Every structure is written in C-alpha cells, then in structure tokens.
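Biologist: I would like to go through this structure and hear the reasoning behind the labels. Please set each value against its definition.

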Amino acid sequence: MEFVKRSLLSGGRKILEKNDQSPVTIADFGVQALISFELQQLFPSIPLVAEEDSTFLKSFNPDDNSGNVLIESISSAVTDKVNNSGSPLTHDDVLRAIDRGGKDAVSFDSNPATYWVLDPIDGTKGFLKGDDALYVVGLALVVNGKVEVGVMGCPNWTNGTTANKQEESFDHCNGHGILMVSHAGCGTWSRHLSPELGQFITAQDVWKRCFVDTCSVVHMARFCIPDSQTWNMIPLSLLFGSITDESDPKDENKILLQYACCGSLCKYIMVASGRATVFFNRARVNTQIKAWDHAVGVICVQEAGGQISDWSGKPLDLAADLTGRRIIYPSGGGVLVTKGALHDKLVELISAEYK
C-alpha cells in the first residue's frame with residue numbers, strides 16, 4: 001500500500017484521463033505491473049484480467065515525449081519492488097507485465113475457466129482527493145464461473161463509523177487501513193494494517209471474522225450508494241425518503257443513507273464488515289459493468305453471509321463476456337448487495353417500482 005502512495009508522483013502528466021473521461025495515474029499502471037509480475041512468478045499458467053493496458057501509454061504523440069516520461073516513471077516505481085532474479089527490468093518488461101492483464105492478452109471461450117481479476121486501484125477519483133480517500137486494491141480468483149478467493153486492501157479504512165455527510169471523511173482514530181481476505185467455504189476475515197503501511201501489527205491486532213449486518217427491516221437498514229449517484233436514482237426513492245444523520249429518530253418512511261468518500265470497492269468492505277446493510281449501484285445507460293469493480297466484493301460479502309445480485313435478483317454473470325470475461329452484463333438495472341431475507345424483500349420492491 002505504501003507503493004501506491006509513493007507511485008503518485010507530483011508534477012508533469014502523472015494524472016491522465018482515459019477515453020471514458022475516468023482518471024488514471026501511474027499508480028494504477030504500477031500496481032497492475034507489480035501484481036502481474038508476482039502472479040506470473042507464482043501462478044504462471046493462470047491468466048489475468050485487469051483494468052489497464054499499455055495502449056493508452058503508447059497513444060501519446062511521440063514528438064512530445066510524454067509517453068516515454070510516463071513509462072519511465074512507472075518503471076522506476078516498479079523496479080525496486082520486483083524480484084527479477086537479478087536481471088534489471090526494462091521498460092518493455094514492465095509494459096508486458098501491464099499488458100498481461102489487458103484486453104488483448106487472452107481470449108476465452110464458452111468453456112469454464114480459471115483466471116485472476118484485478119482492479120489495481122478502485123476509486124482513483126478518491127485517491128486523487130487526498131489521504132482520507134477509501135481507494136481499494138482488489139484481486140479475485142475465478143474458477144469455473146465462481147469467485148473462490150478474494151483479497152482487498154484499503155489503506156485509509158478506519159475503526160470509526162461513516163460520516164453523515166458526503167463531503168466529510170472518516171474519523172481517523174486508530175486508522176491504519178484494512179486487509180480483507182476471503183476463501184469459498186472459509187469465511188471472510190480482516191485485520192488492520194500497522195501505522196507503517198505495508199506491515200502488520202503482530203501483538204495488538206489479529207484476524208477477525210467478518211459478518212454482514214443482521215438487520216432485516218428496510219427502514220432500519222443502513223444504505224450506501226456510490227458518490228456519483230443520488231438517492232432519487234434508486235427505485236426505492238419512490239417509496240422511502242432518506243436521512244443522513246444516524247441520530248435522527250427512526251422513521252418507517254425514511255432510510256438511513258451513508259456516504260463514503262469515493263466510489264470504490266470500499267462499499268463491499270462496508271457491507272462485508274457489517275458497517276453498512278445495503279449497497280445499491282444503478283447501472284448507467286449505455287455503460288458496461290466491469291468485472292474488476294465487483295468480483296472480489298462478491299466473494300467477500302458472500303462468505304460474510306451476504307448476497308449479491310442484479311436488480312432482478314439474478315446472480316452476477318462473470319462469464320457473460322465469453323471471450324474477454326471483462327464485462328459482467330452490458331447495461332440496465334443495477335447491482336444489489338445485502339443479505340438473505342432483506343435481499344429478497346428489496347428485489348420485490350425494486351421489481352414493483354423499476355421499469
């Protein structure tokens with residue numbers, strides 16, 4: 001996690017905008033290269049599906065040297081972290097590591113497959129806002145269409161409760177980040193990172209099992225949605241108003257809406273740890289829901305006792321994109337993350353209101 005922070009260098013063109021107007025930094029590329037190197041050494045036969053590829057870096061006008069400067073910055077950030085058997089890494093080595101997870105790296109077919117899914121930094125917009133942002137590095141292993149292993153790291157996660165206003169950050173008392181791991185059949189577990197990012201507290205902190213919130217009443221539940229969306233974009237807004245202050249009296253016509261400081265996989269950490277009860281995400285028109293934005297969250301919430309589906313109640317289809325395994329489903333509806341009885345109740349309410 002320290003690598004992520006140090007990879008965001010100041011000055012120059014280190015913060016970029018992709019074709020879809022989403023930001024990307026050298027940290028995104030650097031983390032993808034670093035994890036790609038490690039996975040290739042440990043599991044050389046398992047392909048990687050990841051968010052970035054080097055096409056974007058190579059797309060700059062060669063006359064202004066921007067691409068070379070970026071590649072140099074990424075290579076410098078990665079080189080001292082990779083064990084390459086004594087051989088110095090070249091720029092081409094780093095670009096190949098990034099492209100190992102790119103859209104043209106592997107082609108699947110309709111048969112079941114085993115592969116990694118990586119989001120090098122989910123919540124880049126929040127990452128760029130400052131040290132309080134809840135950006136997440138997420139990695140999942142998919143086997144025959146099901147997520148079997150998941151790991152998420154969120155350096156700025158804290159022990160405090162969520163803020164009651166969108167613009168506020170989390171209370172940083174005892175805030176040393178969180179590492180959440182999950183394995184099918186073995187539960188979801190978490191522990192805090194030490195004040196020295198990347199190291200663990202050995203005596204004061206231990207692995208703790210995570211469980212979703214037990215609330216099964218809609219108006220008593222704690223909801224969260226992406227910062228890019230508002231409550232009126234969710235079908236339930238036709239039935240319930242919203243409040244953002246936990247101290248307000250409970251009202252059966254209003255639900256408690258919690259905000260986090262970036263739209264990242266931290267929402268899955270919130271539900272898996274019981275800090276939030278429900279996560280809603282509405283799919284934008286003509287956009288695609290990407291596998292890396294959800295895969296690791298699926299296993300962490302499921303193993304904590306929760307349930308993930310689209311708004312019709314169907315499980316997310318990780319194999320919907322037969323050749324790339326990069327798209328969960330094309331568009332429409334959205335994602336619902338919660339638990340059993342409450343999940344079914346919310347699907348029923350959504351079905352009645354969402355057309």
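Modeller: Buried means under 20% relative accessible area, and exposed means over 50%. The model is a predicted one. In α8, the residues A295, V296, G297, V298, I299, C300, V301 and E303 are buried.

Biologist: What makes α8 largely enclosed by the rest of the structure?

Modeller: Eight of its nine residues are buried, so the helix is largely enclosed. Helix α8 covers residues 295-303 and lies across β15 and β17, at about 140° to β15. Just after α8 comes G305, with a positive phi of about 100°.

Biologist: Why is D119 called buried?

Modeller: The relative accessibility of D119 is 1%. The cut-off is under 20%, so D119 counts as buried.

Biologist: And why does D122 count as buried?

Modeller: D122 has 8% relative accessibility, so D122 counts as buried too. Strand β4, residues 114-122, holds D119, and D122 lies in β4 as well.

Biologist: Which residues is D119 in contact with, leaving aside neighbours within four places in sequence?

Modeller: They are E51, V136, V137, G138, W292 and D293. Contact here requires heavy atoms within 4.5 Å.

Biologist: Where does the label "binding site" come from?

Modeller: It comes from UniProt, in an unreviewed entry, which lists E51, D119, I121, D122 and D293.

Biologist: How do you know that these residues cluster in space?

Modeller: They are spread over 243 residues of sequence, yet the largest C-alpha distance is 9.9 Å.

Biologist: What makes β11 and β15 edge strands?

Modeller: Each of them pairs on one side only. The open sheet has six strands, in the order β11-β12-β10-β13-β17-β15, with mixed pairing. On average, neighbouring strands of this sheet are turned by 30° against each other, direction ignored.

Biologist: How do you know that β13 and β17 pair?

Modeller: Two strands pair if there are at least two bridges between them. Strands β13 (residues 278-282) and β17 (residues 334-339) have four bridges, in the antiparallel sense, so they pair by this definition. R282 stands opposite G334 in β17.

Biologist: Which strands does helix α9 touch?

Modeller: Helix α9, residues 340-353, packs on the sheet and touches β10, β13, β15 and β17. The direction of α9 makes about 145° with that of β17.

How values were computed:
Residues are numbered from 1 along each chain as its sequence is written. This is a predicted model: local features need pLDDT of at least 70, side-chain atom pairs count only at pLDDT 80 or more; totals for chains, interfaces and linings use all residues. Side-chain values use heavy atoms; hydrogens and water are left out. UniProt positions are given in the numbering used here, feature names are shortened, and annotations may be inferred rather than shown by experiment. Helices (H or I, at least four residues) and strands (E, at least two) are DSSP runs, numbered from the N terminus. Buried means under 20% relative accessible area, exposed over 50%, partly exposed in between (1.4 Å probe, protein chains only). Axes are lines fitted to C-alpha atoms, for helices over the stretch in contact, and angles run from 0 to 180 degrees between N-to-C directions.
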